[in-house]
Amino acid sequence: MPQLTGSIVKYPARNLVVWYLVLIILGTVLLTLPICRGTDAEPISQLDACFTATSASCVTGLAVRSTPHAFSFIGQLVILVLIQIGGIGIMTITTYTLFNLGSKPSLRARAILTETLGADDDTDLKWILRHVLLVTLFSEGTGFIILLLRNAFIYDFPTAAWHALFHSISAFCNAGFALHDDSLVRFQDDVVVNMTISALIIVGGIGFPVLLDLNKNWRKGIFGGWEDLHVHSKFMLIGTTLLLGGGFLIFLLLEWDGVLSEMPLKDKLLVSAFHSVTCRTAGFNTIELSSLTNAMLFISMILMLIGAGPCSTGGGFKVSTVMAMAVNAWRTFRGMTRINFARRTIPEGVMQHAMATALLFTVIAIAALTLLLVLEQSSTPHPNSQGVFLDAAFEVVSALGTVGLSTGFTSTLSTYGRMIIIALMFMGRLGPISVFVALSHTTNKTPVEYPKEEPLIG
């Protein structure tokens with residue numbers, strides 16, 4: 001059995017696991033209270049409350065109960081607080097509080113923030129934490145004002161303000177929770193809502209290290225600023241641009257005669273662009289996903305697996321991971337001995353980490369899908385399954401990537417199926433590697449080294 005006692009102080013990953021578990025448990029307890037239940041709504045079971053609290057804390061967006069109808073204003077407020085805390089990280093908030101109270105952060109706190117925000121040993125953590133919270137406040141505040149002005153034409157002022165606040169925080173945190181049962185389908189042709197939500201998703205998902213790096217170098221101009229950016233920032237900016245542009249073009253091509261066929265050109269472009277953005281782990285949708293072609297659903301799964309950036313509010317095995325593997329593959333094909341990119345040499349250890357991350361995500365997704373299929377449809381013949389395999393695969397990838405998009409499969413899950421999705425959302429938020437490190441024993445160095453022998457690869 002994994003030994004956690006006495007090890008929480010030593011391993012930062014274990015701190016994150018414990019903090020998020022506490023947040024989920026607290027959210028579960030609060031959401032089961034009668035005051036959090038919507039008018040005329042059925043009582044919320046502990047499992048449904050746990051599912052919702054996990055989805056909110058892990059900024060996923062999958063739901064088994066209607067957010068606008070099953071939960072009261074207090075219940076929605078609890079969900080929003082869970083999203084905000086889970087999005088920017090519990091340790092970010094608590095460490096910043098310690099700074100402001102005059103306490104000096106411990107080595108443990110520095111290690112946690114280094115892992116969460118990508119800081120190095122020479123970084124002024126107080127400066128980083130202050131700017132992280134400022135970026136969050138500025139982004140969500142700007143989104144709130146824009147959405148409030150737009151909502152003022154639709155709702156009364158209190159409703160317009162609440163919807164603007166809820167959706168701006170949910171979008172920046174890449175949570176995907178919405179106060180409409182159809183997510184944002186009703187705003188399918190609304191340029192203001194689509195552009196605002198998309199901008200919040202991208203800013204929240206690109207990662208705080210990239211935002212802080214851009215903030216330090218933007219005054220140097222396009223070329224000078226680009227040269228001084230870290231390799232990670234260049235990875236993220238190039239990779240994000242390619243994924244957003246590629247997802248947009250593929251959606252437009254595959255669905256031109258499908259779900260987009262009856263739309264005017266402006267709406268076709270808007271829906272395609274929004275879907276490409278939301279697959280970055282956001283979870284909002286402006287079209288019914290069940291109406292997409294199998295090809296587009298599969299491409300969406302790939303985008304969801306890749307996800308957003310490290311140290312961001314998004315999940316997935318990260319854009320920088322894919323970029324690192326692509327650069328390494330290019331190096332291998334050209335027979336180069338070093339991994340060079342943007343006049344920098346990338347250590348071999350980074351590539352090993354990237355491969356391990358991608359492989360672990362894939363193994364977990366396959367194992368979870370297998371278990372889910374066994375539990376949900378082991379007795380159903382293939383001709384009668386009616387696409388359940390693809391729905392289940394989509395659900396697993398969405399949960400592990402903390403995306404929240406669903407073809408409608410979530411509400412049909414059994415008790416054990418929901419427990420699997422809960423576990424996937426939890427691992428997806430912290431990262432599978434962090435979870436396994438948290439449950440592992442102390443690393444032991446092997447004293448004996450045997451003669452080296454290389455297996456055949458490929």
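**View 1. The fold has 20 helices and two strands.** Helices here are DSSP runs of H or I with at least four residues, strands are E runs of at least two, and both are numbered from the N terminus. This is a predicted model, where local features need pLDDT of at least 70, side-chain atom pairs count only at pLDDT 80 or more, and totals for chains, interfaces and linings use all residues. Numbering runs from 1 along each chain as its sequence is written, and side-chain values use heavy atoms, with hydrogens and water left out. Of the 458 residues, 51% are buried (under 20% relative accessible area with a 1.4 Å probe, protein chains only).

**View 2. Helix 18 packs against helix 19.** Their axes (lines fitted to C-alpha atoms over the stretch in contact) sit 7 Å apart, at an angle of about 40 degrees. That makes the pair oblique, meaning outside the under 35 (roughly parallel), over 145 (roughly antiparallel) and 65 to 115 (roughly perpendicular) degree ranges; angles run from 0 to 180 degrees between N-to-C directions. On the helix 18 side, Glu395, Val396, Ala399 and Leu400 meet Ile421, Leu424, Met425 and Gly428 of helix 19, with contact meaning heavy atoms within 4.5 Å.

**View 3. Leu33 sits in the loop between helix 1 and helix 2.** So how much of Leu33 is accessible? Its relative accessible area is 36%, so Leu33 counts as partly exposed, the class between buried and exposed, with exposed being over 50%.
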